[in-house]
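User: Hi! Could you walk me through this one? I'd like to ask a few quick things as we go.
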Amino acid sequence: MEASVERVSVVRTRRPVPSIVATSAVLAVAAMLGVPGFASSGNVTNIGLQVSILLIIAMPMTLVILSEGLDLSVGALLSLCAVVFAQTLGLGWGMALALGASVAVGMLTGLFNGALIAKLGLPPFVVTLGTLGIAHGIALVLTDGNAVVVGNPSVAQLYAWTILGIPFPVIFALLAYALTHLLLYHTRFGTYVFAIGGNRDALLLAGIKAKAFHIAIYVFGGLMVGLAALVLVGRMNSAEPASAIGMEFDAIAAVVLGGTSFERGEGWLFGTVMGVVTIGVLRNALNLLGIESSLQVVSVGILVLLVVVIDSVRKSRVNGAKA
Amino acid sequence: MSILNNSRFVWSRVSQLDVRHHVGEETATLIYRAVLIVLIALVLAFATAAFSAAPNLLNVLRQASLMFLLASGLTLVILSGGFDLSIAANLTLSACLAAGVMKTGGSPILAAATALSCSTLIGLLNGLAVTLLRLPPFLATYGMLWVVQGLAFHYMGGNEIYGFPTAFRTLGTGFLGGIPLPVYMMVFVLIGATIVTGGLNFGREIYAIGANSEVARLSGIPVRRRKIAVYTISGLMSGIAALVYLARVNAADSAMGEPLLLPVIAAILIGGTSLFGGAGSLLGTLSGCVILALVIDGMNLLNLNANWQPLVIGSVLLIAVLADVLGRGRKERIG
Amino acid sequence: METTIPTAAVPLLELRKICKSFPGVRALTDVDLQLYSGEVHMLLGENGAGKSSLMKVLFGAYRADSGEFFSDGRPITIESPADAKRLGIAVIFQEFSLVPHLSIAQNIYLGREPRNRFGLVDHRKMHLDARAALEELGLAYDTHAYAADLGVAQQQMVEIAKALSHRARVLVMDEPTAAISDREAEALFHVVRKLRGSGVAIVYISHRMKEVFDLGDRVTVLRDGRLVQSMLATAATPDELIAMMVGRSVGTVYKRQYFGEPGKVALDVRQLTTATGVRGVDLQVRCGEIVGLSGLVGAGRTEVVRAVFGADPIQTGHVTVFGEAVTGGPHKVAAMGVGLIPENRKQEGLALKRSVHENLLTASLWKLFPRGWYQAEKARSATKALIDSLRIAPGDPSKSARVLSGGNQQKIVIGKWLSAGCRLFIFDEPTRGIDIGAKTEIFNLIENLIKDGAAVLLISSELAEIVHVCDRAYVMREGVVSGELPRESLSEQNILRLAMHGS
């Protein structure tokens, strides 16, 4: 009997390599060859510094999008946390407490977002649009529209600090990646993130309280934003109420570029890292070529569109072959 | 025990007052909005003498009209079950282009044509992205927002353009019979839009698509074609709003449209249009615009620090969303 | 006829006199079921017989209105899925409980991931355990593969492994071979036999006679929510089983009156093939006749009519409606005079959010107002006329469609097409979820349609319906038409015979 029945064995299917790998490689090579000054070590460090903040906030954004959500308030929240951080420092409270305040603000906002989205079921893009306005508003009120200059030199020193030649912000960002990777791939929480996006019913059938974990995703986002504020303030040695608005676009773009989909809980954390680097490379190259920031945004948008279209074409081809 | 009984008694009495039982749902919504408008107006009239002055009231109307021009297109899109985040950026780019044309010597007519072509094209592209590429509306229009905004930044190069021909400026600042021109435009658009939604097959089909697009499709409605149409109309309305706004402020810069996005969305939601599609009206949106205009005017008159305004608007938006969703109940959303 | 297993064992699980009703429908009446350890128990019955309800009661998704449960002879209750889980009852769902982008191991251990001393997931242990669970079934899957990359058969196997890892003693499988190839089915049978050998009781719902007799130890037949008989598989023949399954009572409340001569060809389908599982279907419908399209769930009937209506693309084949070829989407086909009353009334037939009035108008806007100018008054009188003639209750056009009964909702969907001047009506399970009184009304409505010269294609899983309402019928099986029954041969037995696999 055993011999006549075929053992249906499955080898791990080779998933198609996400386009981001090819895209980033092509872009990097093109930049190295075509853009003067790109390949210098100073410039590479520059890119690293420039994308460090983006990387930190793109990490939780990956989780949010994996869970079929979206967070448009990240940029405004980052500015707000930076303001809180800078002002707390200004009150003479020291770095640790300032960071704590920043993280607290971030996590509270995350809780707010999460509660409305997960518990009340409101559409994420509208909720976070509202939170964007509120966070921006609070930042404006706190600063009266002005920048908060930081008197405490330790922040800028921290920013400029290097370990083995690698700037602290880059290390900080890599730590953020490591933490998120650990969370996403080595904890139950991470497994449930995929389930919330992929098949929420499976979680409910298994008796898991999906709502609580769903809210936790946004709280985690708030935590990371609060931490990223440290780097932001270090970079500019001040905090402006609108300094980071618009970063959410780059974060979402990086996540999408990296292969994370808006449905079905499909995604790749390292892909987001590659997406962040790609955007950093693109912007840096365009900068060196003298192309202004506004057109850089357009370029990022077009790049994302291209990658999305290519990925969906490849996917439909695979599905066609399967069926 | 008796407290419970008493409150139940009172509640049943109060709920009998609920107009909804006597009039249709839509009319009830409008009545509530009208009451809200009167209430806010009264509060403001009490709070500051400057409110009741004719110039101020006309200003409120003007502001509401402008918002309505922008909101009308978005209302149609939301009615059909979609969304358009790019309307403000669309307005910015179209206005900047028009300003550029006039500055380099072009006639207002040419400027208007440029603005309208650009804005309609953006709308069309949104429509195609949503129907052909099957991108979720908020995502596609969010991307469009940034691309268009980036183009506007690039075009303006960080500068302002100001000083336009008087003939053009009357569009935004002129009066006719003591009433600002934009108000006439608003009425015109309101009538037109109401004809579309209430008097054209097209309008009825939009509601059907918004309520349940699969049912609409299986009932023989050409859903794709209609969706492309509403996004294109939204684009067109952004262009019209751009011209009026440009005429009013007599200046163009790359950030001019941005502060309009949240108030417009809040106005539409307050006006009773559901985010999930299939329910709402343009008259409702108009009332929402009036309410938002009153709120903004109130903030200015009461000398509320400009820094508080985004906070207020953001909160208003969230409250409006909450009211929309909770008011309709879970079942109706999925309906 | 033997009705119990000779070895006098205590049933692993026993249900006695289970009753379950919903408003207007009695799903189960006095149903008994005994499950013994180590048996494959086949559950047979046509659609609506109560198999699915019984399954849900077993699983705790429905709470029985009355009746008793016994586990190993001890009285117990099953009132929630958690109760069922505790008793070791597991149901194999096909789509519901795998997360596509998690690995097989993660899916099996979802919610109970083993953890190491740092509180992190112990991947090594999880994969080891998962591999062991699969090996018990004789499978050698790579536990790192994502669920999304597995075929349906393999997903099913993972579901089974998952259930077993919960130490299931009773496994319920609903048509497990419906969507898989014969070779994969063989592998499944192998697994089922292994499970039986290790003492698991398997409730197996199937419509394939071959399976019933190859695999089954005992058979239970349900009809109209009641138990007909439970017996040893060796003690029954296919014909006897079919005879037990049929014989509904529709014929006593409705008698078809009109039998005119069919007119011109309304619908002509040649060699229709689609990506949705239709594999070369031919059929024809003429004006003035009601043609039935029967077969079991999954046979492809809905897929055929969706392709005819333009809702799904046609791969190969020709569909002609009133002489014109169908080439586009629903909006083109509807304009040719075709109307589809879909199976899923609440999500595809009418918009529950909207009012009766608005729903009635959805398909006929351009018929009533060809220039595009909508006139509320004219629209109102048109829908009022419809409401009156169809007797839709309540008669208030502004009422939300959601509050109407199933029968009245269906009338709205039919009315929607009536006012659009439809000449070919396609009904997909029109009386599902509708009480007997409303069913008769619907049948009368349909008869009036053809009296007026329209053509009707009627999909139904209720054999009595096809027999008593239709002029003739096609029977589908696994994507093709397995036979056509003219009026003389139109009987429930014949339909079922053609519908079932290998009988």
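**Chat about the model**

Analyst: Happy to! Let's start with a helix in chain B: in α9(B), the buried residues are G203(B), R204(B), E205(B), I206(B), Y207(B), A208(B), I209(B), G210(B) and A211(B). Keep in mind that this is a predicted model.

User: Why is α9 of chain B largely enclosed by the rest of the structure?

Analyst: Helix α9 of chain B spans residues 201–211, and 9 of its 11 residues are buried, so the rest of the structure largely encloses it.

User: And what do the buried residues of α9(B) pack against?

Analyst: Two chains are involved. From chain B there are α3 (54–79), α8 (181–199), α10 (213–218) and α11 (223–249), and from chain C there are α12 (356–361) and α13 (365–368).

User: Nice. Zooming out, how many helices and strands does chain B have?

Analyst: Chain B has 14 helices and 4 strands. Of its 335 residues, 56% are buried. If you take the contacts in chain B between residues at least 6 apart in sequence, 78% of them join residues at least 24 apart.

User: Switching topic: how many residues do chain A and chain C each put into their contact?

Analyst: Chain A gives 27 residues and chain C gives 29 residues. On the chain A side, α8 (188–198) and α9 (200–205) each supply at least two residues. The largest share of that side comes from α8(A), with 5 residues.

User: What's the make-up of the chain A side by class?

Analyst: The side of chain A that touches chain C has 11 nonpolar, 9 polar and 7 charged residues.

User: Now M157(C). Is it buried or exposed?

Analyst: M157(C) has 27 other C-beta atoms within 10 Å, so it counts as buried. M157(C) sits in helix α5 of chain C, residues 152–165.

User: Which residues is M157(C) in contact with, leaving aside neighbours within four places in sequence?

Analyst: Those are L137(C), L139(C) and V191(C). As for S294(C), it is 137 residues from M157(C) in sequence, and their C-alpha atoms are 31 Å apart in space.

User: Last one: what are the confidence scores like?

Analyst: The model has an ipTM of 0.86 and a pTM of 0.83. For chain C the average pLDDT is 87, with 95% of the residues scoring at least 70.

User: And where in chain C does pLDDT stay under 50?

Analyst: That happens over residues 1–6 of chain C, where the model has 8 contacts beyond four places in sequence. Predicted coordinates should not be read in detail where pLDDT is low.

Methods. Residues are numbered from 1 along each chain as its sequence is written. Chains are lettered from A and ligands numbered from 1 in the order in which they are written. This is a predicted model: local features need pLDDT of at least 70, side-chain atom pairs count only at pLDDT 80 or more; totals for chains, interfaces and linings use all residues. A residue is buried if 20 or more other C-beta atoms lie within 10 Å of its own, exposed if 12 or fewer, and partly exposed in between; C-beta atoms are placed from the backbone. Two residues are in contact if their C-beta atoms, placed from the backbone, lie within 7 Å. Ala, Val, Leu, Ile, Met, Phe, Trp, Tyr, Cys and Pro count as nonpolar, Asp, Glu, Lys and Arg as charged, and the others, Gly among them, as polar. pLDDT is the predictor's confidence in each residue, from 0 to 100.
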